Amino acid sequence: IQTATFNSIRSISISDDSYPGTWWITNDQNAVLLQLSSWLNKAIPYTEEIPKSQEVRQHAGNIGPARLYLMTSDKKEITIYPAFYVYTKNGMINVQYVQDVIVFNNAGNITYLKSEELYNWLKSDQWKTEFIRK
């Protein structure tokens, strides 16, 4: 993320795999932004193909990893989350993660980045020490 983009961040929140509509907000936005900036500056582009998710029937909960939402002052949303795809096998819904790869979605422009630290922070719920349930 460019410094100008980071300076325009007005809110940070996370949705996870708990009940739909559950959101988490950060205790210290500046600390989280500093941490994110460090990880993203070290990230490298990931260019291998990630399988497309299969269509699955409506599910009562959120499927997939925690998603970090950054809202800019001009109302653009940046979403960051571990790369994954969904497939069904024997009638069961399965989520397959792409190790150490994150999706960086900047207002619809998607980039895949390899970042072990950011991937683990989101995938292993390490972020929960820095956020509170809203």
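Is Lys42 buried or exposed? I looked up its relative accessible area, found 51%, and noted Lys42 as exposed. The cut-off for exposed is over 50%. I keep in mind that the model is predicted.

**Entry: helix H2**

I stayed with Lys42 and placed it in helix H2, residues 29-42. I checked the length of H2 next. At 1.5 Å a residue, its 14 residues should span 20 Å, and I found the end C-alpha atoms 20 Å apart, which agrees. I then listed the residues of H2 that are buried: Val32, Leu33, Leu36, Ser37, Trp39 and Leu40.

**Entry: salt bridges**

How many salt bridges does a search of the whole structure find? I got four.

I took the one at Lys42 to begin with. Its side chain meets that of Glu117 in a salt bridge, at 3.1 Å from N to O. Glu117 is in helix H3, and the two residues are 75 apart, so I wrote the pair down as a link between distant parts of the chain. I noted Glu117 as partly exposed, because its relative accessible area is 37%.

I turned to Asp16 and found a salt bridge with Lys128, where the closest N and O atoms are 3.7 Å apart. This pair also links distant parts of the chain, with the two positions 112 residues apart. I located Asp16 in the loop between E1 and strand E2 (23-26). Lys128 is in the loop between helix H3 (116-123) and strand E8 (131-133). I looked up how each end of the pair is covered. Asp16 has 3% relative accessibility and so counts as buried. Lys128 is partly exposed, at a relative accessible area of 33%. I also noted that Asp16, Asp125 and Lys128 are linked in a network of salt bridges.

I added the salt bridge of Asp74 with Lys76, whose closest N and O atoms are 3.9 Å apart. Asp74 is partly exposed, with a relative accessible area of 48%. I put Lys76 down as partly exposed too, at 44%.

**Entry: the strands E4 and E5**

I went from there to the hairpin of E4 and E5. Four residues lie between its strands, and Lys75 takes a positive phi near 65°. E4 and strand E5 (residues 77-89) pair in the antiparallel sense, and I found four bridges between them. Which residue of E5 is the bridge partner of Leu68? I found Ile80.

On E4 (residues 67-72) I also found six bridges to strand E1 (residues 9-15), and these two strands run antiparallel. One pair I wrote down is Ile12 with its bridge partner Leu70 in E4.

**Entry: from E1 to E2 and E8**

I followed E1 to E2 and found antiparallel pairing over three bridges. Ile14 has Trp24 as its bridge partner in E2. I then followed E2 to E8, which is again an antiparallel pairing over three bridges. Here the bridge partner of Thr26 in E8 is Phe131.

Last, I looked at where the side chains of E2 point. In a regular strand the side chains alternate between the two faces of the sheet. I found this alternation along E2. Trp24 and Thr26 point to one face and are buried, while Trp23 and Ile25 point to the other and are not buried. I noted that Trp24 and Thr26 had come up already, as bridge partners of Ile14 and of Phe131.

Methods: Residues are numbered from 1 along each chain as its sequence is written. This is a predicted model: local features need pLDDT of at least 70, side-chain atom pairs count only at pLDDT 80 or more; totals for chains, interfaces and linings use all residues. Side-chain values use heavy atoms; hydrogens and water are left out. Two strands pair if DSSP finds at least two bridges between them. Buried means under 20% relative accessible area, exposed over 50%, partly exposed in between (1.4 Å probe, protein chains only). The expected span of a helix is 1.5 Å times one less than its number of residues.
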